[in-house]
Amino acid sequence: MFRRLIERMRGLRQAAPYLLRPANVDADRAKISIAQLDHHYSNKVVALKDVNLNVRSGEFVCLLGPSGCGKSTLLYALAGHVVPTGGRVAIDGKPIHGPGPDRLLMFQEAALFPWLTVRGNITFALAARGVPRAERRERANAFIQRVRLEGFADTLPHELSGGMKMRASLARALAVDPTVLLMDEPFGALDAQTRVHMQEMLQAIWLRSGKTVVFVTHDVQEALMLGTRVVLMAPRPGRVVEDLEIHLPMPRSLEDPSLDAMARDIRHRLRAAEGHAAETPPTEPVQRRTRTPSSLPRASVVSSR
Ligand SMILES: Nc1ncnc2c1ncn2[C@@H]1O[C@H](COP(=O)(O)OP(=O)(O)OP(=O)(O)O)[C@@H](O)[C@H]1O
């Protein structure tokens with residue numbers, strides 16, 4: 001009896017159902033609306049099947065799932081770099097027909113121009129977006145400060161650490177001011193400690209900026225640390241299996257025990273979606289891996305002009 005009570009309490013902690021609730025966003029009010037999206041690659045792989053997803057303005061949505069479940073394909077369809085074989089993707093009600101200045105895609109590689117300083121990389125991107133020369137330097141400085149790279153504005157990329165390069169890349173992305181930021185495992189190549197710093201910084205910046213962010217990750221903790229929502233995906237065919245709102249106050253901390261409980265719950269749901277539902281929720285961490293998108297330009301910030 002006593003043992004059963006303990007097991008039940010443990011189960012409740014693991015499920016943390018009150019912190020994860022199904023999302024329900026009306027397409028009419030969505031910043032991003034994705035309806036009945038399908039994508040088949042030429043090799044007949046069904047990367048996406050009947051994906052429906054609505055994202056409100058200012059949300060931070062994490063796409064989470066195992067390798068091959070179509071996370072990147074979905075992100076690239078939003079960026080306009082993949083033309084889906086079926087369905088609709090719209091931003092502010094307007095269908096996407098290709099890349100546009102309202103969206104910006106970031107990858108795992110910082111992809112700074114090596115011959116330009118941190119500030120030079122940012123002012124170059126601003127010039128490409130048509131920002132008047134007189135404004136560029138000031139705007140670059142403001143974002144350099146926001147990512148705490150003061151003192152490195154005149155430094156070349158090869159003199160920066162991996163985390164600093166990513167901060168410079170983030171400053172460049174924010175400086176051009178897209179309304180939607182699309183991030184494909186941007187911190188996947190960083191060491192664990194730098195990764196946590198980057199997550200904390202991104203969260204602080206996002207809380208101030210109110211940008212709409214769609215963020216791809218394999219890492220359950222990362223999704224729960226950053227997201228207002230987590231969209232669980234499964235492969236073969238790539239599809240959305242659950243769309244959950246995360247009801248945890250921000251700023252969040254990885255030390256928060258509720259985050260651990262939610263992570264166990266999410267891993268269990270992902271396994272169940274793949275048809276490997278275990279008796280007890282799994283506890284092993286999701287493996288990281290280095291990503292190099294081969295089918296896309298090797299740039300961290302792809303200007304969508
Ligand atoms: N250019 C391509 N041509 C053919 N098949 C592709 C192409 N890009 C992706 N695929 C296939 O489509 C499926 C979805 O790939 P996608 O990269 O979107 O998944 P993912 O969830 O982002 O995976 P990962 O986390 O490993 O990057 C996979 O089976 C993949 O092999």
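This briefing describes the fold, the ligand shell, two helices and selected backbone features of one protein chain with a ligand. The model is a predicted one, in which local features need pLDDT of at least 70 and side-chain atom pairs count only at pLDDT 80 or more, while totals for chains, interfaces and linings use all residues. Residues are numbered from 1 along each chain as its sequence is written. The protein chain has eight helices and eleven strands, where helices (H or I, at least four residues) and strands (E, at least two) are DSSP runs numbered from the N terminus.

**Overall fold**

- Of the 305 residues in the protein chain, 42% are buried. A residue is termed buried if 20 or more other C-beta atoms lie within 10 Å of its own, exposed if 12 or fewer, and partly exposed in between, with C-beta atoms placed from the backbone.
- Among contacts between residues at least 6 apart in sequence, 74% join residues at least 24 apart. Two residues are in contact if their C-beta atoms, placed from the backbone, lie within 7 Å.
- An unreviewed UniProt entry places the feature "domain: ABC transporter" at residues 32-260. UniProt positions are given in the numbering used here, feature names are shortened, and annotations may be inferred rather than shown by experiment.
- Residues 32-260 are 34% helix and 27% strand, and the end C-alpha atoms of this span lie 30 Å apart.

**Ligand shell**

- The shell around the ligand holds 16 residues, of which Y41, A47, S67, S72 and T73 come nearest. A residue is near a molecule or strand if its C-beta atom, placed from the backbone, lies within 6 Å of it.
- By class, four residues of the shell are nonpolar, ten are polar and two are charged. Ala, Val, Leu, Ile, Met, Phe, Trp, Tyr, Cys and Pro count as nonpolar, Asp, Glu, Lys and Arg as charged, and the others, Gly among them, as polar.
- Helix α2 (residues 71-79) supplies three residues, the largest share of the shell.

**Helices α3 and α4**

- In helix α3 (residues 118-128), the buried residues are V118, R119, N121, I122, T123, A125 and L126. Their cover includes α4 (133-146) and α5 (162-175).
- G130, just after α3, takes a positive phi of about 85°.
- The 14 residues of α4 should span 20 Å at 1.5 Å a residue, and the end C-alpha atoms of α4 are 21 Å apart, which agrees. The expected span of a helix is 1.5 Å times one less than its number of residues.
- The buried residues of α4 are A140, F143 and I144. They lie on the same side of α4 because they cover an arc of only 105° around the axis, the arc being that of the directions from the helix axis to the C-beta atoms.
- These buried residues of α4 pack against α3 and α5, whereas the face turned away from the buried side carries the exposed residues A134, E135, E138 and Q145.
- E135 counts as exposed because it has 11 C-beta neighbours inside 10 Å. The C-alpha atoms of E135 and A189 are separated by 33 Å, with their positions 54 residues apart along the chain.
- R148, just after α4, takes a positive phi of about 55°.

**Cis peptide bonds and the β10-β11 loop**

- The peptide bond from R236 to P237 is cis, with omega near -5°. P237 lies in the loop between β10 (229-234) and β11 (239-246).
- M250 and P251 are also joined by a cis peptide bond, with omega about 0°. P251 is placed in the loop between β11 and α8 (257-273).
- P235 lies in the loop between β10 and β11 and is partly exposed, with 18 other C-beta atoms within 10 Å.
- Leaving aside residues up to four places away in sequence, P235 touches P66, G68 and C69. P235 and A47 are 188 residues apart in sequence, yet 7.8 Å apart in space from C-alpha to C-alpha.

**Positive phi in strands**

- Q36, in strand β2 (residues 32-40), has phi near 50°, a positive value in a residue other than glycine. Q36 counts as exposed because it has 12 C-beta neighbours inside 10 Å.
- D50, in strand β3 (residues 46-55), has phi near 50°, a positive value in a residue other than glycine. With 13 C-beta neighbours inside 10 Å, D50 counts as partly exposed.
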